[in-house]
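Okay, thanks for having me, everyone. Let me put the model up on the screen, and then I'll walk you through it.

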Amino acid sequence: MAYLNFSDPHDAMLASRGIAPVADDVPARLSPLEWSVVALAQKEKLSSIGRPGRVATAMGKLFGTRRNPALADGRLEALRRLAVIAWHRGYAIHSSEIQAFKRAGFSMPQYELVLASISRGRDLVNRQGR
């Protein structure tokens, strides 16, 4: 007699089609450069992920006070944006940012690794602030 676990509908659907879920054998990793981007993102303001408007650009050119925090490398910029949001909002990240992160060549295990690391960092900062 066969047994199907219907507690997880996704796995049950895959099992009914003869498809086994694929596990990632390779652990998620980031390079030292990528980790430095995550660490630097802690100091960034949430406003740094927005694109400056025409007035802000003109004021920056006029007074020379506005710096562009965006990184030249698109892959690292996607990581920076995700990390800045995670440092400020935790796991509340819009799906468009997650998709941009994936389009930049990162995997979901790397996404989970970054968010777990930032979550631990946020907890540590909150404990020290008490």
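First, a bit of vocabulary: I call a residue buried under 20% relative accessible area, exposed over 50%, and partly exposed in between, with a 1.4 Å probe and protein chains only. This is a predicted model, so to be clear on filters, local features need pLDDT of at least 70, side-chain atom pairs count only at pLDDT 80 or more, and totals for chains, interfaces and linings use all residues. Residues are numbered from 1 along each chain as its sequence is written, and side-chain values use heavy atoms, with hydrogens and water left out.

Right, the overall picture. We've got 6 helices and 0 strands, where helices are DSSP runs of H or I with at least four residues, strands are E runs of at least two, and numbering goes from the N terminus. Of the 130 residues, 28% count as buried. Now contacts, meaning heavy atoms within 4.5 Å: among those between residues at least 6 apart in sequence, 67% join residues at least 24 apart.

Let's look at helix 2. Which residues are exposed there? P32, L33 and L40, on the other side of helix 2 from the buried set, which is E34, V37, V38 and A41. Those buried ones cover an arc of only 100° around the axis, so they end up on the same side of helix 2; the arc is taken over directions from the helix axis to the C-beta atoms. And what do they pack against? Helix 4 (74-89) and helix 6 (108-128).

Just after that, S48 sits in the loop between helix 2 (32-41) and helix 3 (54-63). S48 counts as buried because its relative accessible area is 10%. Leaving out residues up to four places away in sequence, S48 touches P69, R80 and V84. Its side chain also makes a polar contact with the side chain of E44, at 3.3 Å. By polar contact I mean N or O atoms within 3.5 Å, one able to donate a hydrogen and the other to accept it, and residues adjacent in sequence count only if both atoms are side-chain atoms.

Last stop, the aromatics. Rings of Phe, Tyr and Trp (its six-membered ring) pair if their centres lie within 6.5 Å; planes under 30 degrees apart are stacked, over 60 edge-to-face, the rest tilted. That rule gives 2 aromatic pairs. One of them is F101 with F106, stacked, 4.4 Å centre to centre and 5° between the planes. Both F101 and F106 are buried, and together with Y111 they form one aromatic cluster.
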